[in-house]
Amino acid sequence: MSVVKPGLGYTAEHEWAEAGNGAVKIGITDFAQCQLGDIVFVELPQLGQEVEAGQPIGTIESVKTVSELYSPVTGKVTKINEALLDAPELVNSDPYGEGWIALVEVDGDAADLVNRMLSADQYEANNK
């Protein structure tokens, strides 16, 4: 059974979002990394890139497949997890921590945007 961390927002495409200081940290869920298998490469978005909710911002490659990474929010990428360039397996070992993907600065209330997403309970119910 995969871990679903409470207090985060989730998308049907298996991304998670965490609000803080006008920005949203994003990554893929434990369920997604389990489905993908061993992650061997992460294509990160570019710093300063404008991203739109629901649109692709990169890819995640595993030994099984390549999957699109979608942004759960609209905004501007202000930070990327460069550690993933040398250690993409962090997505497997710690998807909600060291395996985060990017930080996106949003217009408006970041917490409100995250609260509009699927809750941990809703996400878990959708993926049983």
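Two strands count as paired here if DSSP finds at least two bridges between them. With that in hand, here's a quick tour of this predicted model: an open six-strand sheet, a pocket of about 150 Å³, and a stretch that UniProt lists as a domain.

**The sheet**
- Going across the open sheet, the six strands come in the order S1-S2-S3-S9-S8-S5, and the pairing is antiparallel.
- Strand S1 (9-10) and strand S5 (50-51) sit at the edges, each pairing on one side only.
- Inside that order, strand S2 (residues 15-20) runs antiparallel to strand S3 (residues 23-28), and six bridges join them.
- If you want a spot to look at in that pair, Glu15 stands opposite Ile28 in S3.

**The pocket**
- The largest pocket comes out at a volume of about 150 Å³.
- Its lining takes in 13 residues, and Glu13, His14, Ala32, Leu36 and Ser67 are the ones nearest the centre.
- Helix H1 (30-36) and strand S7 (66-70) are the elements that each give two or more residues to this lining.
- Chemically, the lining of the largest pocket splits into seven nonpolar, three polar and three charged residues.

**The annotated stretch**
- An unreviewed UniProt entry lists residues 23-105 as "domain: Lipoyl-binding".
- Across residues 23-105, the chain is 42% strand and 18% helix.
- The end C-alpha atoms of residues 23-105 are 4 Å apart.

Technical notes
Residues numbered from 1 in each chain as written. Predicted model: local features only at pLDDT ≥ 70, side-chain atom pairs only at ≥ 80, totals over all residues. Heavy atoms only, no water. 1 Å grid on protein atoms, 1.4 Å probe; cavity = no way out; pocket = protein on both sides within 12 Å on 5 of 7 lines; lining within 4 Å. Points joined across faces, edges and corners; volume = space filled by probe spheres on them. Nonpolar A, V, L, I, M, F, W, Y, C, P; charged D, E, K, R; others polar. UniProt positions renumbered as here; feature names shortened; annotations may be inferred.
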